[in-house]
Amino acid sequence: MFKIIGLVLLLLTANCQLRSAFAVSPGDVVINEIMWMGNTAYSNDEWIELRNMTKTDINIDGWDITKWNSADKEELMLTVPAGKIIPAEGYFLIAHYSSSNSSSTLNIEPDFVKPSITLSNSNLQIKLYGGKWDNGAILVDIAGDSGVPLAGDNSKKYSMERIDPPGDGTNFASWQTAMTAINWDATATEKGTPKAANSKDIIPPGSVPDLSASTGLNTGEIDLTWTAPAEDNSEGGTVASYDLRYATMAFSEIAWNQPWVYQFSLNGIIPKKPGEKETLTISGLDAGATYYFAIKSQDEVSQVSPIDVQSAQSNQACARAQVKFTARITEVSFASAVDWVELYNYGDTALDISHFMLTDLDGTTDTAFAELPVTLPPGKYAVVYWDEAGIDETNVAGDLNGNGVIDLYVSDTSLSATDDQIVLMSAASGGQFVDTICWANQSGGFSPGEENDLLLLSGQGMWKLGGAGPSEADCVNSKDITVDQSFGRLTATAVDNNDSSDWKLFKLPTPGKDNPELVPPKVTLLFDPPPPFTTGRIKVSLNIEAGNLIGKEPQISYFWGLEPAQPLSLIGADKAWVGELTIPAHSEERNIIFQYTVEDIAQNITVGEVTALGLAQELPSEQPAGDDKDPGNPAVEYKIRITEVAFAASIDWVELYNYGETAVDIADFMLTDLDGIDTKIADQKTTLAPGKYAIVYWDDAGIDETDAAGDFNNNGFIDLYVSDTSLSATDDQIVLMSAASGGQFVDAACWSTGLGEFSSGEDKDIRLLADNKQWIIAGGTVTKSDCWSDTNKITSEQAIGRLNPTAPDTDSKNDWHLFKLPTPGQDNPSLLPPIITLLFDPEPPFKAGQIKISLHIGTLNSITAAPEISFNEGVGDFQNITLSGADKTWQGVFEISQNEAERNVSFKYKVSDQAKNSTEQEIMYLGLAYVPPEYGERMYCFPNPWAMNSGQNLKFSNLGVDESTIKIFTLHGELVKMLTGQGDAYWDGTNENGEKVAAGIYVYCLGNAQCVKKGKIAILK
């Protein structure tokens, strides 16, 4: 008996060892079904179903399941505990709740209940590992692509089921939305098949509702578009494939398999999700022939939709294959003495344009350009004049006179300068429309005839209409055009939008030449030596950035303050001009303003103004000025100066400054407005050090800083307090005198409204200052205009002061300036407004996308608050740009929206400094039309079908300008090969291991992050 028991234990042990040692491979267990949205009442009622794809039990003890989190990182969701086995070909259910929980709608008990089952509705990806996910375990299966779930219905609460066979779990084609309900509570409305076989498809796919066909871009091409139908009509899901057929006569369901019907060899493309737009270009058709197309959709169990040709929204369409002519109307002059139209060959080969004709659809007879061939080479122009007197250049070479332009002359009624259209047609291709332009003066509606003309253009796909019917607003606005101006395309090779956004008004017509740019010149002024300027010769350079030549000599002038502007003579040519000026000797700091005007040949004009600082020029020592003049007592020289006066503040105060090299005791000084009642500044010795300030307040309540050292509170200046009558805020003067030197005058300041004459008392005061060489009187009579005469501009808590306390003293009003920001005891701020430089990354012209902007601020003061800046793209309101930074450098980011038309981008900014100087300006830059990349839109593979043994590789062409990725899959979604390329890419028929693939049908997917184009490849041996 013991032997038997031992044998049984031995067998059981051996069986367990075989089970646990089972060598798992990717795909042996798959994530078979996901209830990622929860049930109708409880969003946490989520679960995951695993399926054993083998015929052997698999022990999943210690396996990890991870998920993709909101931070775009993989993280552990759960570890399967010990003792968990998935039976052969069986299921394993992991749920957030047990079936007995009131929040669950399942009526079957999960194999493992784990509250950490939380699934994303927006970035779903689940990975199953055969062990520790972060310790080299085998990745057994993946579900989802870290984006929105690939199937399932959140509103109805239908699960996401794996299609059988499972295929690639990151491909939406491997999943379906559940259509049946198994193992749910009797009252549940959810659908899904937990621990049961997935739904079987019994519903045929929906018909394509809106197939449309239009003339393609190249010769023999037709473009098809349609909306992807649902795999199970209203139940959702993606169809498995399309069956596209075409013929030269109309379709019916009976005619679907007739011999005259052609089947597109690759059955179209890999279908997109329901409601998304499908596009396909059919090439190799007979140019000029009319073709009919019909399409059926097919699901994964080969059920096929009808073509439904009788419905209002048909999946049958027809179009004529185009004969491609690479000619374009690039400029039209209908306001000149002789009307003319410019044509351009934007193709790669020469084009015979003799069979072309220009018509304004007026019903009159139009004739072809010439009876003999007229060859228009690639990249060249031809100009057609409404003047039959000219001699056409018609020969196989074209351009007989060698001027780079072919001149042709036609006889027809002139073009209307108000409302008209011009159409380029080919008489050799059944009257095929090639290009067109429509213009109107926007004065009202079209006449019925003009409406019909525009409807005809729209029907031919040559011109877009903005609304239900044609209106003048659909055409180019011609109301502003004047004599000998024209309309043209800014770039002859730009994308053609077939509407008014393609066209610009040109003040300078250029028949037979590239059209000029409409961007005004950008002007930079450079100075040698650079500012601040002192006396001497200054070299001024104008550096001009412009897309066009400069049409005339730039104009520039300069002036000092209120002086008249003086022209500056320039020498140079086109983009570089230089002039020189002489800075005269001056005794005060003041601004120099330069004004310039630059015009290019297209009459784009830039007007600008630049302000630079001119510093005071020190005069030679043998010519003393200001305080260095004889004060009347040669033995005493006080280098003390009044540098700031506040007479509009709540408490009047005067700032003194020691501009000498030695300390001065200022206790015996007194400040007087010559009213006869004055006291000394201090009773005790008060030392004012060189380069330091003292402030005297009209407030006897303060405590003077009076000692041998001064500045008790260490704030950098001395505070003194006197009791006297307040200073007048309109007309007054203040005088610094020394009581110790017999009343010697040291310095003075005088201010007034500037209106009228002084009273006799004030008149005597100013004359007294003049006699003591402290103030200059301009004329024989003392007037208020002799003083600093802008007191009418000063407001509360402002002050007047010297811009530079060490500058020469002219003893006149020219030394004084209004300061919005008083600075008692500190150097006075600069009065120059900030100079702003805007830098962009990437630089203008702007295209759609994110732009980094930098504000660099040139100023002698600090910036007290963040600059204000906003932008406008030509539509709507200005939008603010948030800036970050400090003081002189600020940065921000703004978004240029995608736009079809070229338009200007305007910026408004305001910058204020601590002295309340502000700079406000609006600057305009060019925002180029957004040109959608050709990436994926015109990509094709050739040859297809491809014979692998033909000796040539399969070529993918027209990938785009950036490096692109192409993934090649089997029909079951297994990745075979990944290619990268720029422009073109090639496949030699091998997989990632370098092995030749088998013959059959493969699927390609073009796109880096997602597929922008899909298709099938047939490989033959």
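## A tour from strand 2 to the aromatic rings

In strand 7, W47 has A95 as its bridge partner, and this pair is a convenient place to begin. The model is a predicted one, in which local features need pLDDT of at least 70 and side-chain atom pairs count only at pLDDT 80 or more, while totals for chains, interfaces and linings use all residues. Residues are numbered from 1 along each chain as its sequence is written, and side-chain values use heavy atoms, with hydrogens and water left out.

**Strand 2 and its neighbours**

Select residues 47–52, which make up strand 2; helices (H or I, at least four residues) and strands (E, at least two) are DSSP runs, numbered from the N terminus. Now add residues 91–95, strand 7, which runs antiparallel to strand 2 and is joined to it by five bridges; two strands pair if DSSP finds at least two bridges between them. Next, add strand 1, residues 29–35, which is also antiparallel to strand 2 and is connected to it by six bridges, and find E33, whose bridge partner in strand 2 is E49.

With these strands displayed, which residues cover the two sides of strand 2? W47, E49 and R51 lie on one side and I48, L50 and N52 on the other, and all are buried, where buried means under 20% relative accessible area, exposed over 50% and partly exposed in between (1.4 Å probe, protein chains only). Because six of its six residues are buried, strand 2 is largely enclosed by the rest of the structure.

**F334 and its ring partners**

A search of the whole structure finds 28 aromatic pairs, counting rings of Phe, Tyr and Trp (its six-membered ring) whose centres lie within 6.5 Å, with planes under 30 degrees apart taken as stacked, over 60 as edge-to-face and the rest as tilted. Select F334 and W439, a stacked pair at 4.1 Å centre to centre with 5 degrees between the planes. F334 is in the loop between strand 20 (327–333) and strand 21 (340–345), whereas W439 is in strand 28 (residues 432–440), 105 residues apart.

Keep F334 and add F487: the ring centres are 5.9 Å apart and the planes at 25 degrees, so this pair is stacked. F487 belongs to strand 30 (residues 486–488), so the pair ties together parts that are 153 residues apart in sequence. F334 counts as buried at 3% relative accessibility, and F487 does at 4%.

**Last stops**

Finish with R641, whose charged end sits over the ring of Y659, 4.3 Å from its centre; this requires NZ of Lys or CZ of Arg within 6 Å of the ring centre and within 35 degrees of the ring normal.
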